[in-house]
Amino acid sequence: MSVTELAPAASGIDPERQRTRRAARRRNTRAALLFLSPWIIGFLVFTAWPIGYSAYLSLTDYDVINDPSFIGFDNYVQLIEDPKIALALWNTFIFTVLQVPLYVIVSIALAVLLNQAGRRSSGFFRTVFFLPKMTPPVAVGVLFLLLFNGQNGLINHVLGWFGINGPAWTTDPAWVKPGLAIMSLWTVGGSVIILLAALRAVPNQLYESARIDGANFWQQTTKITVPMISPTIFFIVVVNTIAAFQTFDEAYTAFFGSGNTTYSNDAALFYVIYLFQQAFQFLHMGYASAMAWLLFVVIMAVTAIQLWVSRRVVYYEADVR
Amino acid sequence: MTQQVSRPMGEPVPAPTAAPLGFEAGMRSRAERSSGLEQDAVESEPTAGSKPPQDRQRRRKPLLVRIAVTALLVVFGVVFTYPFIWLVSASFKPRGEVFDNQLIPNTFTLENYVTVWQEAPLALWLWNTLLVTVLAAVTVTISSAMVAWGFSYFQFRGRNALFGFVLATMMLPGAVTMIPTFLIWNGLGATGTLYPLWAGNLFGSAFYIFLLRQFFLGMPRDIFEAARIDGANNWTIFTRIALPLMKPALVVTLLFEAQAAWTDLMRGLIYLRDSDTFTVPRGLKALVDQFGFGGEWHWEILVTASVITTVPMIILFFIGQRSFVEGIATTGSKG
């Protein structure tokens, strides 16, 4: 701290002092760069160069074995003409539209429930809700095939108790995406924890004065809780939308891979799955690169729309940001 | 020198047992900054006793509400745990009974575990995954901590712009860099080896750099200046003072990355060809292709392999439960 005390005194005109100070700052910058060097190298090699090279590849025909040959915007033209691109985008869009609202609503509901419980039981059930999140997505994919099996699966077994004849979740193209969206609810635990932390940060005084004014639970929830945690809800919506657009593991495990003829593939052909197939199964690296850029543009556009909407909907306290 | 360095920081260093508290203190200060209130962002058991009476008042709810809340929690608790219990139970059932939806197997058998062990080089897969997981978690923690320290301790021109770049890379979908990254490893002759699964972590990861920087920024600067006067150089300050104080946040990074590395399927699919080099998720996918889609429908093998893939993660969670929960809560509070 004596260094900081010395600093103002040293800011005089003494040129000798100034030179040493400049030298110190140079040393400081050099030391900083040394600490930053892992990221700088990594950024250049694994981010900056790949971005540039991917953009270049998207304008070429490249199969890894032969050198890339420049074909202009042909890949992008093909993106429009390829019916599977439209299908994959549509599948991904439908899945996102189903999954994100479900996921967010369920995690809010569970967080509110936990917030209502006593300290000990909320701690216990928080753990219970979080545990499935630890399951590797591949295992979730396997579990999906088992639990949602049309004939013998546990889901339809339970639906049967209520006299509901459950659909063939894993084979009926109409039910594959809803099934995957429901399965994804099993791993809401992370969002629940984030929302619960946000709920606990809502000042108690707000509820007390609302109660004095005669507000009931529902009014308190819609007028206090939801606005106060809306930045967190927004965060979860954005992060989940981006993740849903890139969904891969569970659906790929359950519906794709070598020798899979059993299940209806096309209904679960999500965008990143198709991209992966193009790149690493058909070795259409140029085309897959163009696909990646289209995905990037779509995600950016959707995130921008969400940000724009959030300006109107999300409530930020004056002192936050 | 080490002695001298450690003395001025003697006071603020939390005792090993109080490490989680140090973590919480960091988080609480953030919560305070953002909401201007004394409310905890995370549940903090240690302070439970000293809670103001308003909290107790809030908890005194009508009996009916309390019963309803508990009942709902129990129902959801069953919904969330049952799939895994179902999976474990099915792994002890013979082939014909996997789908019988009975909690207790009619015929209890360990045969599936023996079969899986014979059909697949599981021990090798587990070893490969363990190797990748440890290397990925350790390297990303060290490198990200270094970079985060560089961004938080030093002042230099262009710092904020550079940090903006770090944040921007988080927005980039993995698909964009996936192909060129593959070409890099392919060019190095590393396809078919485990290197591509972890070595990228030597260069830090934007998310953890962001997370750790938040914690470094929350630490009192005086300690470091005091150490500097005592003659400690930059590296000593970082390793001897900053890192020990950061232990809780480093544990979070380790755990998060361990989970990410253990469960990673995509890289295994891209880079691994030989069964001998498979990680467990990649191996499990191979088993699905072989025993599920191959037309043989040996679900009992898939069930058992799924259990084996998952159990290490459950163990990991119970080892670091607190850190997981607090780490996730922190992640969200930046929203």
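What follows is a walk through the two chains of this predicted model, the interface they share, and a few local features of chain B.

Starting with the folds, chain A comes out as 14 helices and two strands. Chain B has 17 helices and zero strands. Of the 321 residues in chain A, 50% are buried; for the 335 residues in chain B, the share is 53%. Contacts that reach far along the sequence make up much of the picture. In chain A, 68% of the contacts between residues at least 6 apart in sequence join residues at least 24 apart. In chain B, 71% of the contacts with a separation of 6 or more come from residues 24 or more positions apart. As for the outside, chain A has an accessible surface of about 15200 Å², with 65% of that belonging to carbon and sulfur atoms. Chain B exposes about 14700 Å², and carbon and sulfur atoms supply 63% of it.

The UniProt record, an unreviewed entry, has something to say about both chains. Under "transmembrane region" it lists residues 31-51, 93-115, 127-148, 180-203, 224-248 and 292-309 of chain A. Two of these spans can be set against the model. Residues 93-115 of chain A are 100% helix and 0% strand, with 33 Å between the end C-alpha atoms. Residues 224-248 of chain A are 88% helix and 0% strand, and here the end C-alpha atoms lie 37 Å apart. For chain B, the unreviewed entry gives the "transmembrane region" label to residues 63-85, 125-149, 161-185, 197-216, 237-256 and 297-319. Residues 63-85 of chain B are 100% helix and 0% strand, and the end C-alpha atoms sit 32 Å apart. Residues 197-216 of chain B tell another story: the span is 65% helix and 0% strand, with its end C-alpha atoms 28 Å apart.

Next comes the interface. In total, 112 residues of chain A are in contact with 106 residues of chain B. The area buried between chain A and chain B is about 9600 Å², and carbon and sulfur atoms give 75% of it. On the chain A side, Phe35(A), Trp39(A) and Arg119(A) put in more than any other three residues, supplying 10% of the area that chain A buries against chain B. Salt bridges don't feature here: the count between chain A and chain B is zero.

Chain B also carries a nonpolar surface patch of about 730 Å², made by Leu124(B), Trp127(B), Leu130(B), Leu131(B), Val134(B), Leu135(B), Val138(B), Ile142(B) and Leu254(B). The biggest giver is helix 6 of chain B (residues 122-153), which puts eight residues into the patch. Leu130(B) is one of the patch residues, and its place is in helix 6. With a relative accessible area of 41%, Leu130(B) counts as partly exposed because it falls between the 20% and 50% cut-offs.

That leaves the charged pairs. Side chains of opposite charge can pair when their charged atoms come close. Over all chains, the structure holds five salt bridges, and three of them are worth a look in turn. Lys93(B) pairs with Asp100(B), with 2.8 Å between the closest N and O atoms. Lys93(B) is buried, at a relative accessible area of 0%, whereas Asp100(B) is partly exposed at 24%.

A second bridge links Glu225(B) to Arg221(B), where the closest N and O atoms are 3.8 Å apart. Both residues lie in helix 11 of chain B (residues 221-229), four residues apart, or about one turn of the helix. Glu225(B) counts as buried because its relative accessible area, 10%, is under 20%. Arg221(B), at 33% relative accessibility, is partly exposed.

The third bridge joins Glu326(B) and Arg322(B), whose closest N and O atoms are 3.3 Å apart. These residues are four apart in helix 17 of chain B (residues 321-333), so about one helical turn separates them. Glu326(B) is buried at 4% relative accessibility, while Arg322(B) is partly exposed, with a relative accessible area of 33%.

Definitions and conventions. Residues are numbered from 1 along each chain as its sequence is written. Chains are lettered from A and ligands numbered from 1 in the order in which they are written. This is a predicted model: local features need pLDDT of at least 70, side-chain atom pairs count only at pLDDT 80 or more; totals for chains, interfaces and linings use all residues. Side-chain values use heavy atoms; hydrogens and water are left out. Buried means under 20% relative accessible area, exposed over 50%, partly exposed in between (1.4 Å probe, protein chains only). Contact means heavy atoms within 4.5 Å. Accessible areas come from the Shrake-Rupley method with a 1.4 Å probe; for residues, only the protein chains shown count as cover. Patches are made of residues with over 30% relative accessible area and no salt bridge: like charges are joined within 9 Å, nonpolar side chains (Val, Leu, Ile, Met, Phe, Trp, Tyr) within 5 Å. A salt bridge is a side-chain nitrogen of Lys or Arg within 4 Å of a carboxyl oxygen of Asp or Glu. UniProt positions are given in the numbering used here, feature names are shortened, and annotations may be inferred rather than shown by experiment. Buried area is the accessible area (1.4 Å probe) that two parts lose on being put together, summed over both.
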